[in-house]
Amino acid sequence: MKSSITSVHLLDGGVLDVESSVVVPGSGFGRRIAVPVQMFLVGTTSGYVLVDTGNDPGVIDDPVATWGADLAAASRPRMQPHQHPARQLALLGLAPRDVRAVVYTHLHHDHAGGGRVFPHAVHVVQRAEHRWATSPDGHAGTAYVPADFTATTWTLADGDWHMLPGLQLMMTPGHTPGHQSVVLWDVPDLGNVILAGDAINTVGCIDDGLPPGIATDTLAAVHSMHRLTALADATDALVVTGHDMTQFEALPKAPDPLRRPTGGPVHQARKMLDLR
């Protein structure tokens, strides 16, 4: 089947100031770091698909009113007007109405906050994620903001789904029960791309075998990461992690198309079995 993917652009949604160990477990407890908030615009022969929507743009002016005091203090957003999803699309001469579908890796506040900017799009998330987000265990609910997803009409996926030619949704649970990653096949001038979301927070997590610092199931998270990296190794895919500032800074941002980085971190392929 011929891939329908025509282009990929990385959109800049600002940064979050977070405690280091929520990104990489056991690292720098008590130390705060800046991590990127990313969105990806995927061009297809059927129209544009947006992967994740970043923060609620309300945090540009008032994070506490938008998220509440506890979440705004734990996950301190630094988002400027030019990082609004609509302004990022405008860099490419596009408007929110041009987006035909929105795919969510999961429904945490920094991935689902801009969904209301796209009222005309089809919104796709895993059924398991939607179920968990609307009724999470108490300890796991703080990263969900119900206003981000309660007013949306959803298309619910049940596991892996070849959604469009060349655009595959892959279940990667662990960070959340319904997390999914997005695999793009045969992208012109780019090859294969894995948008890992928070299944893999940083390139260092791959090399050190570490799950995300926040995980509802750490064993499942590690298995999901290994599933993605094995696929990447077998298909020479570029793995774009969820919150790696060094990788983010090395990748081109809109209006330039995504390209393989010439610098920045690249994960090391796992050693193959030697049967000689």
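Here are some short exercises on this predicted model, each with a worked solution.

**Exercise 1. Work out the strand order of the open five-stranded sheet, then find its edges and what packs on it.**

Start with the order. Reading across, the strands run S8-S9-S10-S11-S12, and the pairing is mixed. Bear in mind that strands of a sheet can pair either parallel or antiparallel, through backbone hydrogen bonds.

Next, look for strands with a partner on one side only. Those are S8 (161–164) and S12 (238–241), so they are the edges, given that two strands pair if at least two bridges are found between them. Going from one strand to the next, the twist averages 25°.

Now zoom in on one pair. S10 (residues 180–187) and S11 (residues 191–197) are antiparallel partners, with four bridges. If you want a spot to click on, valine 187 sits opposite glycine 191 of S11.

Last, add the helix. H7 (residues 218–235) packs on this sheet and touches S9 (167–171), S10, S11 and S12. The direction of H7 makes about 170° with that of S11.

**Exercise 2. Take three salt bridges, and for each one say where the partners sit and whether they are buried or exposed.**

The idea behind the hunt is simple: side chains of opposite charge can pair when their charged atoms come close. The count for this model is seven salt bridges.

*Step 1: aspartate 148 and arginine 116.* Their side chains meet at 3.7 Å, N to O. Aspartate 148 is in the loop between H5 (127–134) and S7 (154–157), while arginine 116 is in the loop between H4 (109–112) and S6 (122–126), 32 residues apart. Aspartate 148 has 4% relative accessibility, so it falls under the 20% cut-off and counts as buried. Arginine 116, at 42%, is partly exposed.

*Step 2: arginine 127 and aspartate 158.* Here the N to O distance is 2.7 Å. Arginine 127 belongs to helix H5 and aspartate 158 to the loop between S7 and S8, 31 residues apart. Arginine 127 comes out as partly exposed at 34% relative accessibility. Aspartate 158 reaches 56%, so it is over the 50% cut-off and counts as exposed.

*Step 3: aspartate 160 and arginine 227.* The closest N and O atoms are 2.6 Å apart. Because aspartate 160 lies in the loop between S7 and S8 and arginine 227 in helix H7, this bridge ties together parts that are 67 residues apart in sequence. Both ends are partly exposed: aspartate 160 has 39% relative accessibility, and arginine 227 has 37%.

One extra: Asp17, Arg32 and Arg78 form a single network through salt bridges that share partners.

**Exercise 3. Decide whether serine 4 is buried or exposed, and list what it touches.**

Find the residue first: serine 4 is in the segment before strand S1 (5–19). Its relative accessible area is 5%, which means serine 4 is buried. Leaving out residues up to four places away in sequence, the contacts of serine 4 are Gly43, Thr44, Thr45, Leu164, Pro165 and Gly166.

**Exercise 4. Describe the largest pocket and its lining.**

Begin with the volume: the largest pocket holds about 580 Å³ of space. Then count the lining, which is 28 residues. Nearest the centre of the pocket are Val22, His108, His109, Ala143 and Ile214. Finally, sort the lining by element: S1, S2 (32–44), H2 (69–74) and H4 each give two or more residues.

Definitions and conventions: Residues numbered from 1 in each chain as written. Predicted model: local features only at pLDDT ≥ 70, side-chain atom pairs only at ≥ 80, totals over all residues. Heavy atoms only, no water. Axes fitted to C-alpha atoms, helices over the stretch in contact; angles between N-to-C directions. Contact = heavy atoms within 4.5 Å. Salt bridge = Lys/Arg side-chain N within 4 Å of Asp/Glu carboxyl O. Buried < 20%, exposed > 50% of the residue type's maximum accessible area, 1.4 Å probe, protein only. 1 Å grid on protein atoms, 1.4 Å probe; cavity = no way out; pocket = protein on both sides within 12 Å on 5 of 7 lines; lining within 4 Å. Points joined across faces, edges and corners; volume = space filled by probe spheres on them.
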